[in-house]
Each structure stands twice: as C-alpha cells, then as structure tokens.
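Okay, thanks everyone, let me pull this up on the screen. I'll talk through a few spots, so please have the viewer open and follow along.

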Amino acid sequence: MLKNMPNTKVLQTFESAARLGSFTLAARELYVTQSAISRQIKGLEEILGFEVFTRINNRLELTEDGQAFYQVVSKALSDMSSALERLRRGEVRRRLFVALPPTFASRWFAPRLVRFRGQHTVSLTISIHENLHYSNFGNFDCQVGFGSEEMGTIGGEILFPEIVVPACTPQIKQTILDQDSLEGIPILHTLSGTSRLPYWEQWLDRCPNPIIKPTTTDLSGGIDFSTQDQTIIAAVSGLGITMLDLNIASTALQEGLLETVGEPVNTSFGYWIFPPQSKRGEGDAAVLFYNWLKREATINTVASEGK
C-alpha cells in the first residue's frame with residue numbers, strides 16, 4: 001500500500017484530464033486553472049513513481065502505466081458515484097429492524113429474503129415476536145403481525161388471509177381414510193398465548209363437505225404447540241394431523257411431506273403489515289422493504305388461491 005495515497009480530488013483531476021485528453025478542458029470541467037491541473041498531475045506522478053501522461057503532436061496521451069492506472073481509477077470513481085447515488089435515494093442506509101411472527105419468519109419470509117437482497121443492499125435485523133406489542137412500534141422500521149380484523153383498526157394492512165386445511169403424512173392420511181375416523185391419531189393444535197386457535201371449529205363450520213369430522217373427544221385431546229411451525233414439524237415426523245396455513249406451509253405440501261385431508265377454508269385471521277412509523281421518501285430503505293414485502297404477499301396469495 002502506498003504511504004501517501006492520492007486524495008479523491010487528485011484522482012478526479014487525473015480522470016478528467018485522461019478522458020478529455022487535455023489539461024485545458026479538464027480545468028474548464030472542474031472549474032480550476034490549467035496550472036492547478038498541472039500541479040496536481042505532477043504531484044500524482046511523484047506519489048506513483050511513474051509518468052501518467054506524455055505529449056504527442058500537442059495532444060495529451062496516457063502512457064502505458066497511465067492507461068492501466070486510468071482503468072482502475074475510472075472504475076473506482078464510477079463505483080463511488082453509484083454508491084453515493086444509492087445513499088441519496090435511501091437504498092443504502094442504517095440497519096433496518098423488522099419484527100415478525102415466528103412461523104411467518106421461518107416458513108414464509110426467510111425463503112424469499114434472497115430476492116430482496118438481490119435487489120437492495122440493506123442490512124437487516126429480524127426480531128421474532130409471539131404477539132405484537134403495540135407500545136413498541138417505534139422500535140422497529142417495519143412489523144408484521146398475526147391476528148383478526150382488529151389489526152386493521154390500529155393501522156395494519158392485510159398482507160394475506162389465513163387459509164387452513166387439515167394435513168398429515170401420506171401414511172396417516174391413508175389410515176384416516178381406511179378407518180373413516182381419527183381414532184388413535186392425535187390432533188396437533190396451535191396456541192395463541194394459552195388458548196388454542198379455533199382452527200378446527202372454523203374449518204368444520206366453513207367447509208361444505210368435510211372429509212373428516214373430529215369428535216368432541218378428538219378435539220379436546222391432542223397435543224398443543226406454541227407455534228404453527230412446531231405443529232408442522234410434528235406432523236411431518238408422523239405424530240398426528242394438524243391444521244396448517246397454505247400460505248405458510250406450501251413447501252411441506254409441494255415436497256410431499258404432508259398431504260391435505262379435505263378442502264381449504266379462510267379463517268377469521270390473517271397476517272398484517274404495519275408500515276414505517278415516520279414519514280419517509282419512496283427511496284428510503286424502510287419504504288423499499290415495506291413495498292417489497294407487500295408485492296411478495298400479493299404473489300403468494302394468488303398462488304395460494306390457485307391451489
């Protein structure tokens with residue numbers, strides 16, 4: 001590494017003179033005198049230890065070493081200019097802090113994050129929350145919550161509704177169909193706090209022709225899990241049958257790890273997004289992230305409805 005690195009101003013002077021082939025034109029472009037250009041180039045050559053220009057027929061030409069140096073400097077200044085422009089547009093800024101529900105984060109968000117990173121250079125910190133704490137809104141650039149339409153009354157926008165259907169391994173499904181009951185097969189419930197989400201009750205109420213009809217005993221028994229992610233993992237392992245969200249657990253179905261037992265229905269729940277709290281421009285990283293998440297959800301919902 002050079003002991004005395006040329007500063008950016010000197011590099012800009014060199015790039016301008018090399019591109020225009022003239023100290024006079026470079027001086028005009030940079031609003032300085034020709035003698036100032038000449039002094040800066042002389043100082044640059046002293047730092048580098050070689051000449052960067054030679055005069056041929058009264059025209060300024062790059063030496064072989066100067067041409068190689070110009071390629072490096074031109075690219076470096078171009079990269080710097082692009083980075084500064086992205087900063088001005090808000091695409092590169094401080095780290096974003098995002099709060100997401102656990103199953104949404106692991107099953108829906110994480111596989112899609114590579115697409116966002118491919119479009120925007122933004123550092124993210126993802127925090128997991130079981131339930132939204134509305135008093136902490138100011139601590140995050142963007143939040144996603146799970147809940148009923150009540151979330152719309154406090155500023156939430158629906159990302160996509162919850163679409164549930166009973167699912168289990170192919171082996172357990174065949175057993176259910178053969179015996180026409182859930183006898184001996186545990187129901188895997190998902191909790192909200194300490195209460196079970198009413199998935200089975202809503203599914204039985206909204207599904208016109210349910211293939212299976214759990215008894216009161218079936219529903220009161222079973223195994224409770226704090227997140228849907230845990231119920232999915234347990235179902236994939238062959239523990240029992242669960243009610244899963246098609247939007248969230250599509251991969252397990254696509255890979256054949258689980259199969260549905262009946263028709264899907266919409267529940268009274270969904271995933272809601274809460275926008276950045278302060279007013280920001282369209283180029284701000286938090287706004288870019290917020291808009292990207294809504295676009296991904298639109299794609300996701302259309303795909304789910306087509307199943």
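So, helix α9, residues 228–236: which of its residues are buried? They are Gln228, Asp229, Thr231, Ile232, Ala234 and Ala235. And before I go on, this is a predicted model, so please hear everything here that way.

What do those buried residues pack against? You've got two helices to look at, α5 (102–119) and α7 (199–206), and then strands β6 (157–168), β7 (187–192), β9 (223–225) and β10 (241–245). Right after α9 comes glycine 238, and its phi is positive, near 90°.

Let me stay with β7, since it's on that list. Five of the six residues in β7 are buried, so call that strand mostly covered. Now the partners. β7 pairs with β10 in the parallel sense, over two bridges, and there isoleucine 187 sits opposite isoleucine 241 of β10. β7 also runs parallel to β9, joined by three bridges; leucine 188 has isoleucine 223 in β9 as its bridge partner. Then there's β8, residues 195–196, which is antiparallel to β7 with two bridges. In that pairing, serine 192 faces serine 195 of β8. The hairpin of β7 and β8 has two residues between the strands, and one to click on is glycine 193, with a positive phi near 70°.

Okay, aromatics. How many aromatic pairs does the count come to? It's 17. Phenylalanine 23 with phenylalanine 53 is one I like: edge-to-face, 5.8 Å centre to centre, with 85° between the planes. That pair ties together distant parts of the chain, with phenylalanine 23 in helix α2 (residues 23–30) and phenylalanine 53 in strand β1 (residues 53–56), 30 residues apart. Buried or exposed, for phenylalanine 23? Its relative accessibility is 12%, so it counts as buried, the cut-off being under 20%. Phenylalanine 53 is buried too, at 8%.

A second pair to zoom in on is phenylalanine 109 with tryptophan 292, also edge-to-face, at 6.3 Å between centres and 80° between planes. Here again distant parts of the chain are linked: phenylalanine 109 is in helix α5, tryptophan 292 is in helix α11 (residues 285–305), and they're 183 residues apart. Both phenylalanine 109 and tryptophan 292 are buried. Remember that α5 is one of the elements the buried residues of α9 pack against.

There's also a cluster. Ring pairs connect Phe104, Trp108, Phe146, Phe160, Phe269 and Tyr271.

Back to phenylalanine 23 for a second, for the cation fans. Arginine 55 lies over the face of that ring, 5.8 Å from the ring centre.

And just before that phenylalanine, have a look at serine 22. Where is it? In the loop between α1 (8–20) and α2. Serine 22 is buried, with a relative accessible area of 17%. A polar atom of its side chain lies 3.1 Å from the backbone nitrogen of leucine 25. Leaving out residues up to four places away in sequence, serine 22 touches Ala17 and Leu60.

Now for the backbone oddities. Most residues other than glycine have a negative phi. Tyrosine 31 has a positive one, near 60°. Tyrosine 31 is in the loop between α2 and α3 (34–48), and at 77% relative accessibility, it counts as exposed. Aspartate 180 is another non-glycine with a positive phi, about 55°. You'll find aspartate 180 in the loop between α6 (170–179) and β7, which brings us back to the strand I talked about earlier. Is aspartate 180 buried or exposed? Exposed, at 63% relative accessibility.

Last bit, the whole chain. How many helices and strands are there? 11 helices and 12 strands. Of the 307 residues, 44% count as buried. If you take contacts with a separation of 6 or more, 75% of them come from residues 24 or more positions apart. On the surface side, the chain exposes about 16,400 Å², and carbon and sulfur atoms supply 51% of that.

Okay, that's my tour. Questions?

Technical notes:
Residues are numbered from 1 along each chain as its sequence is written. Side-chain values use heavy atoms; hydrogens and water are left out. Buried means under 20% relative accessible area, exposed over 50%, partly exposed in between (1.4 Å probe, protein chains only). Helices (H or I, at least four residues) and strands (E, at least two) are DSSP runs, numbered from the N terminus. Contact means heavy atoms within 4.5 Å. Rings of Phe, Tyr and Trp (its six-membered ring) pair if their centres lie within 6.5 Å; planes under 30 degrees apart count as stacked, over 60 as edge-to-face and the rest as tilted. A charge sits over a ring if NZ of Lys or CZ of Arg is within 6 Å of the ring centre and within 35 degrees of the ring normal. Two strands pair if DSSP finds at least two bridges between them. Accessible areas come from the Shrake-Rupley method with a 1.4 Å probe; for residues, only the protein chains shown count as cover. A polar contact is a pair of N or O atoms within 3.5 Å; within protein, one must be able to donate a hydrogen and the other to accept it, and residues adjacent in sequence count only if both atoms are side-chain atoms.
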